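Me: Could we go through this model together, beginning with the ligand site?

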Amino acid sequence: MLGKTVCIGVGAMGGALLRGALSQGILRRDNVSIVVRRPEHRDELVDELGVTGFVELPDMAQFDTIILAVKPQVLPSVLSQLSSVKAGATVISVAAGVTLDTLRKALPTAVLYRAMPNTPASIGCGMTALTADNGADTIHVEALFNAVGEVAVVSEADLDRLGALSGAGPGYMFVILDALADAGVRIGLPRQLAIKAAAQTMYGAGKMALESSTHPAILRDQVTSPGGTTIAGIGAMEKGGLRSALQDGVVACLARSNELGK
Ligand SMILES: NC(=O)c1ccc[n+]([C@@H]2O[C@H](COP(=O)([O-])OP(=O)(O)OC[C@H]3O[C@@H](n4cnc5c(N)ncnc54)[C@H](OP(=O)(O)O)[C@@H]3O)[C@@H](O)[C@H]2O)c1
């Protein structure tokens, strides 16, 4: 049971999580409060989410669960203000790179979790890596993220790695999608049709990979006939460094996350 819950920071990720959890009924509007920075943002959230509980940062004593969804650079200042967190409260941080060790120093009596979700959580298609401090039970926190997609309970080191793969992954996918749509336009397709065709193809290929137990390399082999058109396209993409660019991107993301966590 998450109980009375507050989300500190309701931007891209906090918003995605709240949207998903509220629409799936895992959180109730009358049991959720938010902490936001700008008053105008609060008004937008009332309209959009229907959440009406607003609190100021230090006022945490009433909450059973606290979700920390501010930027990693902002988190130290937020943590320093959280003096009234009750002992045994569940605290879930989604901040990239901020370690359990850092969280424990700031909140020694809370039960701590780190989660690395991604923004498709807002439509129930998220991928979340979850880790708990000191082997704490993950069941109720898993249920929160399960309501908005898939969850993998992992070690803290793997959580950071998954942050660089699936946490940041929608960003990579949108760049690829935009590039494919550009390619469609370049060969003469209308923009909207090119975007739709590229997005549905990404969605379909991802779903196929998830639903079959077949390795992606074999799925690719199945669509590349000898001397055919698809292998000609893949060959040109490989020449352009597609694979190594994706690997370098994930490695750079992990390095930046480690840097932000220091
Ligand atoms: N975006 C992703 O795909 C993703 C994926 C995995 C994890 N994360 C993690 O999620 C966290 C949030 O990232 P984001 O992308 O959601 O950033 P974001 O869109 O900038 O949202 C951060 C929110 O925090 C608010 N905020 C700033 N200072 C605050 C304060 N003192 N009190 C209350 N709210 C405050 C900001 O308000 P203003 O709008 O007024 O500045 C903003 O709405 C980060 O730690 C990130 O590592 C993000």
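The exchange below covers the ligand and then two residues.

Me: What kind of model is this, and how are residues numbered?
Reply: This is a predicted model, in which local features need pLDDT of at least 70, side-chain atom pairs count only at pLDDT 80 or more, and totals for chains, interfaces and linings use all residues. Residues are numbered from 1 along each chain as its sequence is written, and side-chain values use heavy atoms, with hydrogens and water left out.

Me: How many residues surround the ligand?
Reply: There are 23 around the ligand, the closest being Ala12, Met13, Arg37, Arg38 and Val70 (a heavy atom within 4 Å).

Me: Which backbone atom distances to the ligand are listed for Ala12 and Ala96?
Reply: A backbone N or O atom of Ala12 is 2.8 Å from a ligand oxygen atom, and for Ala96 the corresponding distance is 2.9 Å. The ligand has 880 Å² of accessible area on its own, of which the protein covers 80% (Shrake-Rupley method, 1.4 Å probe).

Me: Changing topic, is Thr128 buried or exposed?
Reply: Thr128 is buried, at a relative accessible area of 1% (buried means under 20%). Thr128 belongs to strand S7, residues 126–132 (a DSSP run of E, at least two residues).

Me: And what does Thr128 contact beyond four places in sequence?
Reply: Its contacts include Phe145, Glu150 and Val151 (heavy atoms within 4.5 Å).

Me: Where is Ser166?
Reply: Ser166 is in helix H6, residues 156–167 (a DSSP run of H or I, at least four residues). Ser166 is buried, with a relative accessible area of 13%. Apart from neighbours within four places in sequence, Ser166 contacts Asn118 and Met127.

Definitions and conventions. Buried < 20%, exposed > 50% of the residue type's maximum accessible area, 1.4 Å probe, protein only. Polar contact = N/O pair within 3.5 Å; in protein donor to acceptor, adjacent residues only side chain to side chain.
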